[in-house]
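Okay, thanks for coming, everyone. I've got one structure to walk you through today, so let me put it on the screen.

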Amino acid sequence: MQALLMAALLAVVLLSRIQEPRRFGNGVLLGLIGVCAALGTVSAVGHFSSPAASAVTAAVAGAVWLSGLVAAALLVANGVTMVRREGTRPASLLALLAGAALLALLALLLSATYLSVRALRAAAGAAVLLGGYGAFLLLCFLGYTLLYRRLAPRPGADYLVVLGAGLDGCEVPPLLVARLDRAVALYRAEEAAGHAPLLLVTGGKGPDESCTEASAMAAHLVAAGCPRERIRLEEKATNTTENLAFSRELMERERPGYHCTVVTSSFHVLRSAVTTRRAGVPGQVVGAPTAGYYWPSAVLREVVATALMYPRVNTAVVLLLAAAGAVAGWRW
């Protein structure tokens, strides 16, 4: 029965990925396949002899605890690096906060195990299920991001859309330089294949910026050898949703029936793809390289932002898991 369920889920994923690869639900279905496989493994262990089952259970529990400690230590270390390099902006603190939360969860579990306090065990039960759901979403996000990034963009794009990012005054930072360099490489590849795409840079002016992101990006592209007449600017957007919505209006007005390729950072690919689909923009998303130290905090931010795109479902799941975990812990 379990094998049939996994096969059915896999078939749905493959069909959905062919029809519309820009759905986060594809990643969630892949995660559910992993959950089914894990439950199957647990069921198989249950058929072992009692000593063998106990040994396997103890080994798994120890591995989980060790993995949690290692993950927490790595997150805290990365959080310190982020603060040193990027300052104390909220986005820079995510890895540090996640590491601290994981350590707090492990401490709560340890306390609930050795102290016979029902309220403490109820809190631990709720925390475990909520933490598990967070880990599930994280793994779904990472797994499907890796799969989505393997999709090659369709050749012959009418536009290469480069999503903006924060400036240093009016200077283009390394994160944005990487996006522009990837766009230039795509532009030259399209030209070599006989196509003539337009470069569309998008992003408005933030409160701490001296110019619009789009104008700074355009200047960088011109300096890289791209013809100024092949560049289009969208200078009103303040976030990814607006980047794509305003860009869609510009592209539809200039080239009805267009097709585009959207360029962003590697960690931002999946959420941008979901937003691209929701905005009705016909095109795939490709990613530019990102510094390794930046990844943990950036991915955590992306997972949270992606989850917030589905508020009703995630609110319902969180409330259900919190209640179920509290009841189970209380009865423990």
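Let's start with the sheet. There's an open sheet of five strands here, paired in parallel, and the order reads E3-E2-E1-E4-E5. The edges are strand E3, residues 231-234, and strand E5, residues 283-288; each has a single partner strand, so one side of each is left without a neighbour in the sheet. On average, neighbouring strands of this sheet are turned by 25° against each other, ignoring direction. And before anyone asks, this is a predicted model.

Let me zoom in on the E5 end. How many bridges join strand E4 to E5? Six, with E4 covering residues 260-265 and the two strands running parallel. If you want one pair to click on, take cysteine 260, whose bridge partner in E5 is glycine 283. Now bring in helix H9, residues 269-278. That helix lies across strand E1 (159-163), E4 and E5, and H9 runs at about 160° to E5.

Okay, zooming out to the whole chain. We have 11 helices alongside the five strands. The C-alpha trace spans about 75 × 45 × 30 Å along its principal axes. There are 332 residues in the protein chain, and 39% of them are buried. The exposed surface comes to about 16,900 Å², with carbon and sulfur atoms supplying 67% of that. For the contact-map people: take the contacts with a separation of 6 or more, and 70% of them are between residues 24 or more positions apart.

Next, charges. The structure holds five salt bridges, and I'll show you some of them.

Glutamate 20 pairs with arginine 22 in a salt bridge, with the closest N and O atoms 3.0 Å apart. Are those two side chains buried or exposed? Glutamate 20 has 14% relative accessibility, and the cut-off for buried is under 20%, so this residue counts as buried. Arginine 22 is at 9%, so it counts as buried as well.

Then there's glutamate 86 with arginine 89, where the closest N and O atoms are 3.4 Å apart in the salt bridge. Here glutamate 86, at 24% relative accessibility, counts as partly exposed, and arginine 89, at 43%, is partly exposed too.

Now look at arginine 255 and aspartate 158, a salt bridge with its closest N and O atoms 3.6 Å apart. This pair links distant parts of the chain, 97 residues apart: arginine 255 is in the loop between helix H8 (240-254) and E4, while aspartate 158 is in the loop between helix H5 (118-148) and E1. Arginine 255 is partly exposed, with a relative accessible area of 26%. Aspartate 158 counts as partly exposed as well, at 23%.

Last stop, the surface. Which residues form the nonpolar patch? Trp65, Leu110, Tyr114, Leu115 and Val117, and together they have about 510 Å² of accessible area. Let me pick out tyrosine 114 from that group. Tyrosine 114 is in helix H4, which covers residues 94-114. And why does tyrosine 114 count as exposed? Because its relative accessibility is 65%, and the threshold is over 50%.

So, to recap: a five-stranded open sheet with parallel pairing, H9 lying across E1, E4 and E5, five salt bridges, and a nonpolar patch on the surface that includes Tyr114. That's me done; over to you.

Key: Residues numbered from 1 in each chain as written. Predicted model: local features only at pLDDT ≥ 70, side-chain atom pairs only at ≥ 80, totals over all residues. Heavy atoms only, no water. Patch = residues over 30% accessible without salt bridge, like charges linked within 9 Å, V, L, I, M, F, W, Y side chains within 5 Å. Areas by Shrake-Rupley, 256 points an atom, 1.4 Å probe, with all protein chains shown as cover. Salt bridge = Lys/Arg side-chain N within 4 Å of Asp/Glu carboxyl O. Helix = DSSP H or I, 4+ residues; strand = E, 2+ residues; numbered from the N terminus. Buried < 20%, exposed > 50% of the residue type's maximum accessible area, 1.4 Å probe, protein only. Pairing = 2+ DSSP bridges. Axes fitted to C-alpha atoms, helices over the stretch in contact; angles between N-to-C directions. Contact = heavy atoms within 4.5 Å.
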